[in-house]
Amino acid sequence: MSLADLIRNAVAVLPEGALEEKLKLGRPLRVKLGIDATAPDVHLGFAYVLDRLAEFQRAGHVVVLIVGDYTARIGDPSGRSDERPILPGEVIDANARAFAEQAFRVLDRERTEVRFNGEWLGKLSYADVVRLGRTITLARILERDDFAKRFSGHEPISISELLYPLMQAYDSVAVRADVEIGGTDQLYNLLAGRDVMQDYELDPQLVMTYPLLVGLDGEEKMSKSRGNYIGINEPPEEMFGKTMSIPDISSGGSLMPM
């Protein structure tokens, strides 16, 4: 498996040259992907990223799939103009189990380590959270485009939302990730993982991002929370019908990465 195969279709691989250095370690890399259990379905956009993970598996590396049963209780603020509604705990838990099982339609079960981040986030003491909070400044948090827009527009931002990037970053500490991948909207969160890992005296992960698929509305990204997605378990005729219903996006969007 060549380096070109591993980075195929990636928008960013940061820092430059880091993957080559990681591959020289002479051991299987731990390649992390996180998903919050806001719905039970794996949609086509996420299946594409799972396929990129499968490429690492075919090269002999270990995929660590983080199911965010705890971070889902905050809700990822990436690309949001308001705070996400929080689902009941029992719904999040059921979604998490269903999502993890569907992921094996793409991933090799034997080479996938499925972890629920409540395993470590649920054990953090108040002192631990304060320690984590000291790894990044408020000014750095407000560099995020979505937070910056809400702050300048005098829109409310809860403290829990500000904690989200740190909690996702702590996942990388807990599983000692070598690589973390995600959509282009996750770049800030993934880079925060590098900063936090260094503060915990770990070799920082490298970051890989991939294009976002357009949702059924033809405007927003395909997203479980927006309900504009095509699930991989839907009947073929429904998947076809939904795909054909997407408005013309030839002026700039993309249904699938090329």
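In this predicted model, helix 8 spans residues 145–152 and holds three buried residues, Asp-146, Phe-147 and Arg-150. Because these residues cover an arc of only 95 degrees around the axis, they lie on the same side of helix 8. The face turned away from that buried side carries Lys-149 and Ser-152, both exposed. Among the elements that cover the buried residues of helix 8 are helix 7 (138–141) and helix 9 (159–175). After helix 8 comes His-154, a residue with a positive phi near 60 degrees.

One of the buried residues of helix 8, Asp-146, also takes part in a salt bridge. Its side chain meets that of Arg-144, with an N to O distance of 3.0 Å, and Arg-144 is buried as well as Asp-146.

This pair belongs to a wider set, as the structure holds 21 salt bridges. Some of these join into a network: Arg-8, Asp-51, Arg-52, Glu-55 and Arg-58 are connected through salt bridges that share partners. Another salt bridge brings together the side chains of Asp-178 and Arg-27, at 2.8 Å from N to O. Here the two partners come from distant parts of the chain, 151 residues apart: Asp-178 sits in the loop between helix 9 and strand 5, and Arg-27 in the loop between helix 2 and strand 2. Asp-178 has a relative accessibility of 5% and therefore counts as buried, whereas Arg-27, at 40%, counts as partly exposed. Lys-24 and Glu-21 offer a further example, their side chains meeting at 3.3 Å, N to O. In this pair, Lys-24 is exposed, with a relative accessible area of 62%, while Glu-21 is partly exposed at 49%.

Turning to the nonpolar interior, the largest core has 28 residues, and those with the most contacts inside it are Leu-33, Leu-50, Leu-53, Leu-107 and Ile-181. Two or more residues of this core come from each of helix 2 (18–23), strand 2 (30–36), helix 3 (44–58), strand 3 (62–68), strand 5 (179–183) and strand 6 (206–210). Helix 3 gives the largest share, eight residues. What surrounds Leu-107? With neighbours within four places in sequence left aside, Leu-107 is in contact with Leu-50, Leu-53, Ala-54, Gln-57, Val-63, Leu-65 and Thr-112. A second core, separate from this one, has 21 residues, including Ile-141, Ala-177, Tyr-188 and Leu-202.

Terms used. Residues are numbered from 1 along each chain as its sequence is written. This is a predicted model: local features need pLDDT of at least 70, side-chain atom pairs count only at pLDDT 80 or more; totals for chains, interfaces and linings use all residues. Side-chain values use heavy atoms; hydrogens and water are left out. A nonpolar core is a set of buried Ala, Val, Leu, Ile, Met, Phe, Trp, Tyr and Cys residues joined through side-chain atoms within 4.5 Å. Buried means under 20% relative accessible area, exposed over 50%, partly exposed in between (1.4 Å probe, protein chains only). Helices (H or I, at least four residues) and strands (E, at least two) are DSSP runs, numbered from the N terminus. Contact means heavy atoms within 4.5 Å. The arc is that of the directions from the helix axis to the C-beta atoms. A salt bridge is a side-chain nitrogen of Lys or Arg within 4 Å of a carboxyl oxygen of Asp or Glu.
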